[in-house]
Amino acid sequence: MKYSSSVRVTPSGIVLNEKRLAFASSGEDLLVEAYRKQIGDWPKFFKMDPLSKAGFVSSELLLSSEEPRKHDCEDRAVILYNRSGSLADDRIYEGTIRSKEEFYPSPAVFVYTLPNILTGEIAIRNKYYGETSFSVLEEFDPTTMIHGLESAFLDPMTASAIFGWVECGSEDDFDVCLFLVHKEGEGLKDFDEKEFLRIWKI
Amino acid sequence: MEDLKTEIKEKVIEALKLADITPSDIDDEAPLFGEGLGLDSIDALELMLLLEKNYGIRLANPAEGKKVFVNVNTMAQYVADNRTR
């Protein structure tokens with residue numbers, strides 16, 4: 001396997017292809033600043049839950065260096081993992097139904113109470129019709145994650161994947177490490193567990 | 001009625017998280033769905049919740065929303081006629 005780009009996104013900063021991007025904000029505001037400065041044409045971003053905001057901005061930055069940017073295709077998968085599922089949004093939703101006096105369950109919040117909504121957001125944005133999956137692990141486990149990626153590449157249709165870890169505990173607590181991985185490709189970097197961990201530790 | 005329209009616009013912007021839009025950007029006659037603000041089916045459910053939460057109005061029949069949520073004018077008139085708080 002090879003990869004063409006990587007992105008690390010944490011509340012303190014964004015590192016795209018091993019270069020730190022200059023932003024003034026941190027936490028949730030960092031994602032909004034990155035959206036406004038680098039993306040800006042998908043207002044649904046503001047309706048997303050914290051997990052989807054983190055994953056969406058990360059995937060957009062990851063794809064920003066792809067030339068030409070792949071769009072409307074069946075051969076790209078989205079394979080994501082984390083530890084907390086949709087817990088950040090689950091908590092927000094719980095807040096809308098906590099008391100009998102203020103019992104107003106929000107449909108817009110409820111729709112994000114599944115982590116795989118994020119894979120759908122990315123697929124819709126890019127018109128990807130390939131495989132998507134979001135698995136919840138007990139902890140960050142690159143061996144298991146890469147095994148899942150290899151399994152996805154057993155499908156002869158799948159040629160590349162947005163792959164990685166999108167953890168989110170709350171609006172200001174997220175940890176993302178994504179790669180654009182290709183089954184094969186000349187001139188691209190090798191992708192394996194060692195490389196995954198090297199970028200993860202940036 | 002003008003104050004109610006402005007209030008409804010503010011609540012719609014807040015409830016639907018319409019970033020970078022102010023009440024003055026929303027035309028009273030502009031369709032809320034389709035063109036206009038480009039709202040979707042989830043937004044329609046949020047608007048129903050907005051009426052219940054802020055004005056004590058519960059739409060018994062969701063299909064009724066089609067008539068109520070045509071634009072800000074129809075929303076304001078419905079709120080004025082049916083509000084319980």
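What percentage of the 85 residues in chain B is buried? In this predicted model, the buried share of chain B comes to 24%. Let's keep that figure in mind and walk through the rest of chain B before turning to chain A.

Chain B is built from helices: there are 4 of them, and 0 strands. If you follow the chain from its N terminus, you meet the elements in the order α-α-α-α. What about its overall dimensions? The C-alpha trace of chain B spans about 30 × 25 × 20 Å along its principal axes. A compact globule with 85 residues would have a radius of gyration near 12 Å, and because chain B has 12 Å, the two agree. You can also ask how the chain comes back on itself. Taking contacts in chain B between residues at least 6 apart in sequence, 59% join residues at least 24 apart.

Now move over to chain A, where the secondary structure includes both kinds of element: 7 helices and 8 strands. Its C-alpha trace covers about 60 × 35 × 30 Å along the principal axes. Here too the globule rule can be tried. For 202 residues, a compact globule would have a radius of gyration near 17 Å; chain A has 17 Å, so it agrees with that expectation. Of those 202 residues, 38% count as buried. Among the contacts of chain A that link residues at least 6 apart in sequence, 68% join residues at least 24 apart.

With burial in view, the interior is a natural next stop. In soluble globular proteins, nonpolar side chains tend to be buried together. The largest nonpolar core in this model has 52 residues, and the members that touch the most others are Ala54(A), Ala161(A) and Val181(A). Ala161(A) is a good place to center your viewer. Leaving out residues up to four places away in sequence, Ala161(A) touches Arg76(A), Ala77(A), Val78(A), Ile79(A), Leu149(A), Ala152(A) and Val181(A). Val181(A), then, appears both as a contact of Ala161(A) and as one of the core members touching the most others. There is also a second, separate core of 17 residues, which includes Val12(B), Leu51(B), Met75(B) and Ala76(B).

Finally, how do the chains meet? On the chain A side, 8 residues are in contact with 8 residues of chain B. Sorted by class, the side of chain A that touches chain B has 6 nonpolar residues, 1 polar residue and 1 charged residue.

Note on methods
Residues numbered from 1 in each chain as written. Chains lettered and ligands numbered in written order. Predicted model: local features only at pLDDT ≥ 70, side-chain atom pairs only at ≥ 80, totals over all residues. Core = buried A, V, L, I, M, F, W, Y, C linked by C-beta atoms within 7 Å. Buried ≥ 20, exposed ≤ 12 C-beta atoms within 10 Å, placed from the backbone. Contact = placed C-beta atoms within 7 Å. Helix = DSSP H or I, 4+ residues; strand = E, 2+ residues; numbered from the N terminus. Rg over C-alpha atoms; globule rule 2.2 N^0.38 Å. Nonpolar A, V, L, I, M, F, W, Y, C, P; charged D, E, K, R; others polar.
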